[in-house]
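The following questions and answers examine how one protein chain is packed. Each answer closes on the value or name requested.

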Amino acid sequence: MALKALLKEFLTPEHQILWCWHRGNLRGSMDEFRNKPLAGAWWLPGKPDVIFKGRLTIGDDNNGRLVLSGTQEHLAKLPTGATPPTFFGRLEADYSYDVTLFDVALRRGPSHSYPKAPLTETIAEFVTHTLLVGGHLASQDEALFDGTIFKLTGLDEWCDATGFAGRHENTTPNELATGSLTVAFQERATPRYDLGNGTTLRLLSEYAGPRQFENSKQVTLRERNTIELVFPVALPIKTTVQELHIWQSFLTFGLRQASYTDEVYLLRRTSRGYDRFGLLLSGRKIPELRRRRERDALFRQSTFSDRIEERLRGWRQKHDQIDLAILIFSGAAYQDSAYVHTNLLTYLQALEVLHRELYKADRFPDDEARKATLKALRAAIPKTLDPSLRKQLSDSIQFVGAVTLLDRLKQLFSLYPKSLTPLFRRGGDDMGLLKDVRNFLTHYGGKKTLTKDFLWSRDAVVLKEKAHLFLEICLLGAMGMSDDEIQELVSNFEPYLDWRMETSIEFMNEYLKNAESSAQATGAPG
C-alpha cells in the first residue's frame, strides 16, 4: 500500500487512483483480457459514488465494447453531450484490475419509456478505442509515464540475431537411440542507444515458450523481441503513442512491409525500477508477419552493425522534420493491394514532400526579397480588370520563384548519384519523366505521350519500383548515411540489383536501337 499512498500524495484527486498492473513484473500478456466479457463496476472521474454495473469485451482489434445495465432512472445519470467521456472501471475477474476507458462513445441506448417507467431495466452500449489496464487516469494529456515497452509485428524478423543454441550429440554412433539433444536460450538486451535529448532505446530478447515441460512429444520454443523507450521526463499517453509510431514507421521502412502495434506497456518509475500499465490501442490486427526471404528487407538490425546507435538516432532526430513524407511513404505499405499507379503516385508525392521538408522552397535569396517582388507584381495588375480576375492573378503570383517539382527531383538525384544513376541512367530526362507521370496521375491529362494505357502497362510497374527505391535512398540519406554508405547497403539488396539490371538492359536496347537507326540513315552496314 506504500505506493498507493505515495501516489495519493502527489496526484490530484482526479488522478490519485492510478495503480499499476503486475507491479514490478514486466512479463505477461494482454491476451487474458481479450474476447471474453469482463464484469465490473464503472463510474465517471470525480463521481465515484455513482456506480454502474456492466461488462467490458475487448476484441482482437483492441476495440472495447462496454454494456452497462440498470434501471432507466439510474442510467439516465450517464453523461450526454458532444465530448466523449472517460470511464473508470474495476474488473471483477480472478484478480481485481483497474481499467480506464478513454474517448467513450455511446452506440445505443439507454431506452426511455413513455409514460415514464423509472424502474424498468435497460442497457447502454458504449465503444472505445483506447484502454488503460492497471490504473485510473482522467486524461490522456497527463505527463505521468517515464517510458514504454512495446511489440510490433515484424520485430521478431527485423531483430535477426537469436539467443537460441542447440546441439544433438551421439556418443555411441554405432548404437541406435543413444543420442541426446541440448537446447539453450540466453535472454539479452542491447545497450541503451542514445537517441538524443535524453531519450534512450534498447532492444529486448526474452523467452516466450513453456517454463517447463515433460512427457511432451512436441514443444514450441519462441523468442520474443520488444522495444524499450525511456524518456528524460514523464510524458502523457498521447505523446508516448506518437513516439511508438516513429519506430513503427522505421520497421515498415526496413522490412518493406506494414508493421502493426501488437502490445504496449507504459512504464512509471519507482524506487524498485518500473511499474507497468497495459495500453490497448485499436487498429487492424494481422498475424505475425510471415517469414520472408532475406532479400525482401531493405535493412535489419545486423545491417548497421556497430553503427546502429547512429542510425537509430539519425532516424529519430530527423523524423520530426520529415514526418509528413514518412507518413505518405509508409501509407503505401498498408495498401499493398492498391493499384500499381496508386502507389506510384504515392511515392512521387512523398518525394516532393520530402524535398519541401528538407530544403529551401523558392529561388529568392531571402524572405525580404520575396515579399518585395511579390508586392511589386501585385501592384502592377491593372485596376481596370474584373475583380475576380484580379484576385486570380494576385493569388497565382504567390507561386512566382517557387521551386518546381522537376527542380526538386533533380536536386535529390544530385545528392546520391552513385546510388541513383544505376536506376536512372538518363539523369535529367528520367527526372522529367517522373515529373510528367506525377502530373498525369494527378490531373490525368496534359501529356499526349501518357494515356490511360500507361496505367496498366509494364512501364508503370517498372517506374513504381524505381520510385520506391528512389524514395528509400533519400530516406536513408536523411538518416545521415552518405551516398557511398547507401550504395554499399543497396549493392546487397536484391530488389535494387534486379531493377538496376532492368535499367541496364533498357539502356543497352536503346543504345542498339539508336545505333541501328543511325546506320540506316547513313547507309552504313548495321
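Q: How many helices and strands are there in the chain?
A: This is a predicted model, in which local features need pLDDT of at least 70, side-chain atom pairs count only at pLDDT 80 or more, and totals for chains, interfaces and linings use all residues. Residues are numbered from 1 along each chain as its sequence is written, and side-chain values use heavy atoms, with hydrogens and water left out. Helices (H or I, at least four residues) and strands (E, at least two) are DSSP runs numbered from the N terminus. The chain has 14 helices and 17 strands.

Q: What volume does the largest cavity have?
A: A cavity is a set of points on a 1 Å grid over the protein atoms alone where a 1.4 Å probe fits but cannot get out. Grid points are joined across faces, edges and corners, and the volume is the space filled by probe spheres set on the points. One cavity of 30 Å³ or more is counted. The volume of the largest cavity is about 70 Å³.

Q: Which helix supplies the largest share of the lining of the largest cavity?
A: Lining residues have an atom within 4 Å of a grid point; among them are L152, W158, L201, W247 and F250. The lining divides into 10 nonpolar residues (Ala, Val, Leu, Ile, Met, Phe, Trp, Tyr, Cys or Pro), no polar and no charged. Helix 3 (155–158), strand 14 (199–207) and helix 4 (237–255) each supply at least two lining residues. The largest share, three residues, is from helix 4.

Q: From which helix does the largest share of the largest nonpolar core come?
A: A nonpolar core joins buried (under 20% relative accessible area, 1.4 Å probe, protein chains only) Ala, Val, Leu, Ile, Met, Phe, Trp, Tyr and Cys residues through side-chain atoms within 4.5 Å. The largest such core has 88 residues, and W158, L201, W247, F250, F253, F470 and L476 touch the most other members. Its largest share, 12 residues, comes from residues 458–478, which form helix 12.

Q: Is N492 buried or exposed?
A: N492 is placed in the loop between helix 13 (483–490) and helix 14 (494–522). A polar atom of the N492 side chain lies 3.4 Å from the backbone oxygen of E488. Because its relative accessibility is 65%, and the exposed class begins over 50%, N492 counts as exposed.

Methods. 1 Å grid on protein atoms, 1.4 Å probe; cavity = no way out; pocket = protein on both sides within 12 Å on 5 of 7 lines; lining within 4 Å. Polar contact = N/O pair within 3.5 Å; in protein donor to acceptor, adjacent residues only side chain to side chain.
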